[in-house]
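Hi,

Here is the structure I promised to pass on. Have a look at it first, and then read my notes below.

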Amino acid sequence: MEDGYTTFGEYVVHREVLDESRLEEVAQKGTWSTKPTVGERMKHMLRCSVSQVKNALLTWIPILSWLPKYPFRENIIGDVMSGCSIAIMHLPQGMAYALLASLRPMMGLCSSFYPVLVYCIFGTSRHVSVGTFAVISIMVGSVTERLAPDSNFILNGTNGSEIVNLTARDSYRVQVACSLTVLAGIFQLLLGLVKFGFMVTYLSEPLVRSYTTASACHVCVSQLKYLFGITPARFVGPFALVYTVVDICRLLPQTKIPELVISLVALAVLIVVKEINDCYRQRLPLPIPIELVVIITATVITYFCGLNTEYSVNVVGEIPTGLKPPRAPDATLFSQLIGDAFAVAIVGYAIDISLGKTFGLKHGYKVDSNQELVSLGLCNTIGGFFRCYAVTASLSRSLVQESTGGKTQVAGMISSVIVLIAVLKIGSLFEDLPKAVLSTIVFVNLKGMFKQFMDMPMLWKTNKVDLLVWLVTFISTILLNLDLGLAVSIGFSMLTIIFKTQLPRYSILGNVPGTELYLDIDAYKEAKEIPGIKIFHSSATINFANSEMYLESLQEKSGIDIGKLQTEKKKRGAKQRREQEKQKKREKDEAKKNRLNKNKDNQNGVVLSMPDTDSDVSGKGQINWGYHSDKATSDSDSDSYEVFTVDSNHGEGGKKSSCRSGTHSIILDVSVTSSMDTVAVKTLKNIFSDFGDVGVTIYLAGCQACVVEQMERANFFSESVPKSCLFVSVHDAVLHIFKKLGQEDNGFVSESHCRGIK
């Protein structure tokens, strides 16, 4: 074989036509196995050496690999500035998102400290900021409110009134949140240890973006009660969001004007300053910490103006200072939290790995998906013992960490130190902070999620199936709540994959004159079908789910109805057998009559000819019975079903094609098939057998090596289906057919390509 370039942009290849058997000889296919045996794997796993221990430690504890090599002079300034900026965001967001989880603000601050330190040690992304996040917070809040509703903590007050025991309620909600967090962390740890990080690939980007958008709607509805100062009823189960909105609308006449004014003012200030931060992002050394400024200002005004006592403004309340000792979660709650914990684990990991992969690609480093599962699992498991609730990466904080110069997770360590100081010393100063201000901070930070509504027009133009996944995910999450919505959306996403597999595009390929290219004749005008040869292509792998459809489409596209042709062939065979039986009986009767006549003639001494025959009679009065028999058989054959036949001159049995369309060969392009199950192998066997019965020869083209091995293990090849019917490409199969037919150039294939036939 030799390759040579003729002119720029063109190439000419001279080689022989290669079927699978010849390819194995030319390419010297190996029969050895490069995969280690089970024994070798176990031996390698049980082997303990210094290098293996070191590699294991560096893999499971990534900080040991990058911290000793930390470029102090180049990165320290950017990491310090980034850490301070992130800490300023952690303080208000931690307290605000704790309200979403129906927990005390102190728990949100703790969730911004312990998990961040754990991720700095075990995480592999340099830019994500782990901590509280709106979507996870609302998922936790739905669980805490379901298992610890206000109705379970009603006390009898004076004058027959009922009051809620807030202390007991909040204490039990902390137990529920911690148990949920630990269980979610255990799920993430187990999945990471068994290398199950690839599962996030089943959560497509449209699904994740739609789910977070729908979650943002849940977040907004849950915060409306703080904006308007009302107390709607709590609803659970499907359509809970709809019922809540209806109840809020019913309670709007009871709106507390002071809280509404506080909310509107805080919203206006936050929106304006955040827009300024976005517009002048390149010029400002640091974003204006408007959230912290609003919190401090609102706290000071509320304290000195007595808004809590004078106008009954709902405030945060008591915030205990100092760190609490670790406490084991309530394991008796695990049975009630399994489904919710798994949903929190999956959603939290999906958000974290999507952000981590994005920053990793942008800055040129690898994010280990399995290690991210382990690190998040440790963040939640350890954090659950220290009164933290479930965490994940935050988009807004991660963007700030990157834009302010953060290069490593040293920025996370610095932010943790600042949050620790706030928890120990200044947390109690925010006891007079209005909850309405925290809810406005939540609203403003959801801006990025609501921008995801713009995905719909983009998906409408690019991929309508993805748009359908987006819409189903959004509607199911809105109507069925977060847990059922996630299950429905994943199930529907899987169904789209199944439907794509079961409904592939089938096409007949034609040759582009003068080239070895074979393209869809319906999509390309210049692609011309080769007379007598059908080239069938499927856009999907052949498997048990679509094998029947593959056979049906092959018959439809090729114009060959196997069942009909086989029925006609059986009828012709039966008719021929009946004619032959009749002829044999006729010959037997004639022979019997002849013997009787001979006996009679011998007795009379006279030789007579048989009357009423149109056969040739010899001059001696004898009948030419051999010629008579041939003529009778010929007459019976001429009455059979007439079809167009083309002698294909094939060496494989020398059959003739009995297809009306003149098709004598079919090439199955299986280049996209990546695997083949037993059903697919049986389907191909039946295709070879059934089409061969009607005189049409089948060839395979573009078979991958792994598919050939699977076919060999399934005993696909035999004397009737040799390896010589497999070809490297469609063009090789076409040239082979031309050679069998004794044609050098059929007008479709250029002379330079046929020259390689020997």
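A helix here is a DSSP run of H or I with at least four residues, a strand is a run of E with at least two, and both are numbered from the N terminus. This is a predicted model, where local features need pLDDT of at least 70, side-chain atom pairs count only at pLDDT 80 or more, and totals for chains, interfaces and linings use all residues. Residues are numbered from 1 along each chain as its sequence is written, and side-chain values use heavy atoms, leaving out hydrogens and water.

The protein chain has 29 helices and 14 strands. Of its 758 residues, 45% are buried (under 20% relative accessible area; exposed is over 50% and partly exposed is in between, with a 1.4 Å probe and protein chains only).

Helix 7 (residues 114-122) is largely enclosed by the rest of the structure, because seven of its nine residues are buried. Those are Y114, P115, V116, V118, Y119, C120 and F122.

On the surface, W60, I186, L190, L193, V194, F196, F198, Y202, M494 and I497 make a nonpolar patch of about 890 Å². For patches, residues need over 30% relative accessible area and no salt bridge; nonpolar side chains (Val, Leu, Ile, Met, Phe, Trp, Tyr) are joined within 5 Å, and like charges within 9 Å. A salt bridge puts a side-chain nitrogen of Lys or Arg within 4 Å of a carboxyl oxygen of Asp or Glu. Helix 9 supplies the largest share of the nonpolar patch, three residues, and L190 lies in that helix.

Enjoy exploring!

Methods. Areas by Shrake-Rupley, 256 points an atom, 1.4 Å probe, with all protein chains shown as cover.
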